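Colleague: Could you walk me through this model before I start looking at it on my own? I'd like to go from the overall fold down to single residues.

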Amino acid sequence: KARTAAAAALDDALQQDASKAPYALKRLLGGLASPRDGARAGCACALAQLLRSEAVTADAVKEGCQTLYVRGGSSRQDKRDANAQDLGELLAAECLSRSGSCDAATALYFCGRALDLLKRKWLRELAARVFAGLIRRVDDDKDINQRLDALLASGLDADLLALALSAKRPVEDTDLTCLGAAAAQLFPRLHVAWELLIEDDYARVASVVDELAKSSSVERRGAALLVAAQALERGVSPSIVLTDAVAPSLLSAAARGDAALGPVAGRALKRVVGAASDKPLEVATLLLARGGAHASSGAGGKAVVALVEACDDADFAKHVKERAATAAAGDAS
């Protein structure tokens, strides 16, 4: 809240006096490359706000990065500064992506920089996220496509999978297995490749999520729950998401509030309930049918009760009609 309020105040000031925008942009870009606590997050919030309000332009961000982020020298401090500037440049590009304010030429430049920085292992996922967010805005992508062909020729990891998906390249189902390793490495964050697959065709990756949900790894099971919650929030059918593997994993983990996965599962369950506003009875029915013993007690039982209590007569009538239609179609589930 404090960051949002500060960003709004800065935006108001620049709307009243646009002459201060270049100085403000310089300070924000400097903050994106700063190691100080909270500097990057605060400056990213402010920059995205200024881009959305058009107090700062995408082209100005590109020129600012080219001017301010100058790498050079071979000392340890020079290398640390270069690392910080590489991160700052990608964060600035992500602000452009999130704000929705980016022209084709600027998008092309930052997509190229994202491909440049894929070689930095600790920046790969962020570089892939930037590329995925901006490639759709590029008009002339001939050079980008040539570079992408070379990168994808050697096989796919999760980062390259995200590039392929965002560039609409063909991806085989066998290529999706790399998502398991990415889930473990980034938890509790989700790799951008997951987000792309949720938007594109969740059914294609549902079996991978099921395998994660049955894993003995806390990180992999947790990633499965986060993917499922996000899929429901994006409108994926509950029957595809709350499978016989995911539903019991979610409810059993949420029931163990003091366990390693309990807090994550509890938040994921709240997201599932919140995303079920259009089909609360369908979600409640799936949790009861597939969630095991924890569906009628503890956190799972409370979630089912909350879903049922949120229904009115129209919801019940709609659910009965849908179930009847499903039965008539011969779906035994």
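Modeller: What follows goes from the whole chain to its core, its empty spaces and then a few residues.

Colleague: What should I know about the numbering and the source?

Modeller: This is a predicted model, in which local features need pLDDT of at least 70 and side-chain atom pairs count only at pLDDT 80 or more, while totals for chains, interfaces and linings use all residues. Residues are numbered from 1 along each chain as its sequence is written, and side-chain values use heavy atoms, with hydrogens and water left out.

Colleague: OK, how many helices and strands are there in the chain?

Modeller: The chain has 18 helices and 0 strands, where helices (H or I, at least four residues) and strands (E, at least two) are DSSP runs numbered from the N terminus. The C-alpha atoms fill a box of roughly 65 × 50 × 40 Å along the principal axes.

Colleague: And what percentage of the residues count as buried?

Modeller: Of the 333 residues, 47% count as buried, with buried meaning under 20% relative accessible area, exposed over 50%, and partly exposed in between (1.4 Å probe, protein chains only). Among contacts (heavy atoms within 4.5 Å) between residues at least 6 apart in sequence, 68% join residues at least 24 apart.

Colleague: Which residues have the most contacts inside the largest nonpolar core?

Modeller: They are Leu32, Leu47, Val61, Phe131, Trp194, Tyr202 and Val205, in a core of 110 residues; a nonpolar core here is a set of buried Ala, Val, Leu, Ile, Met, Phe, Trp, Tyr and Cys residues joined through side-chain atoms within 4.5 Å. Helix H11 (residues 192–213) gives the largest share of this core, 13 residues.

Colleague: What does Tyr202 touch, then?

Modeller: Not counting residues up to four places away in sequence, Tyr202 touches Leu197, Val209, Val227, Ala228, Ala231, Val236, Ile240 and Val241.

Colleague: Switching to empty space: how much lies in the largest pocket?

Modeller: About 470 Å³ lies in the largest pocket. On a 1 Å grid over the protein atoms alone, a pocket is an open set of points with protein on both sides within 12 Å along at least five of seven lines, a cavity is a set of points where a 1.4 Å probe fits but cannot get out, and lining residues have an atom within 4 Å of a point. Of the 21 residues that line the largest pocket, Lys121, Arg124, Glu125, Asp159 and Leu186 are the closest to its centre. Its lining has 10 nonpolar, 2 polar and 9 charged residues, with Asp, Glu, Lys and Arg counted as charged, Ala, Val, Leu, Ile, Met, Phe, Trp, Tyr, Cys and Pro as nonpolar, and the others, Gly among them, as polar.

Colleague: How many cavities of 30 Å³ or more are there?

Modeller: The count comes to 1 cavity, and about 60 Å³ of space lies in the largest cavity. H16 and H18 each supply at least two residues of its lining, and H18 gives the largest share, 4 residues. By class, that lining has 2 nonpolar, 1 polar and 6 charged residues.

Colleague: Glu282 is in that lining; is Glu282 buried or exposed?

Modeller: Glu282, which is found in helix H16, counts as buried because its relative accessibility is 18%. Leaving aside neighbours within four places in sequence, Glu282 is in contact with Ser237, Pro238, Ser239 and His319.

Colleague: What about Ser99, buried or exposed?

Modeller: Ser99 lies in helix H5 and counts as buried, at 12% relative accessibility. A polar atom of the Ser99 side chain lies 3.0 Å from the backbone oxygen of Leu96. Beyond four places in sequence, Ser99 is in contact with Ala48, Leu51 and Arg52.

Colleague: Last topic, the backbone: which residues does a cis peptide bond join?

Modeller: A cis peptide bond joins Phe187 and Pro188, with omega about 15°, and Pro188 is found in the loop between H10 and H11.

Colleague: And where are Glu54 and Lys168, which I wanted to check for phi?

Modeller: Glu54 is in the loop between helix H3 (39–53) and helix H4 (58–68), with a positive phi near 65°, and is exposed at 65% relative accessibility. Lys168 is in the loop between H9 and H10; its phi is positive, about 60°, although Lys168 is not a glycine, and Lys168 is exposed, with a relative accessible area of 67%. As background, most residues other than glycine have a negative phi, and most peptide bonds are trans.

How values were computed: Points joined across faces, edges and corners; volume = space filled by probe spheres on them. Polar contact = N/O pair within 3.5 Å; in protein donor to acceptor, adjacent residues only side chain to side chain.
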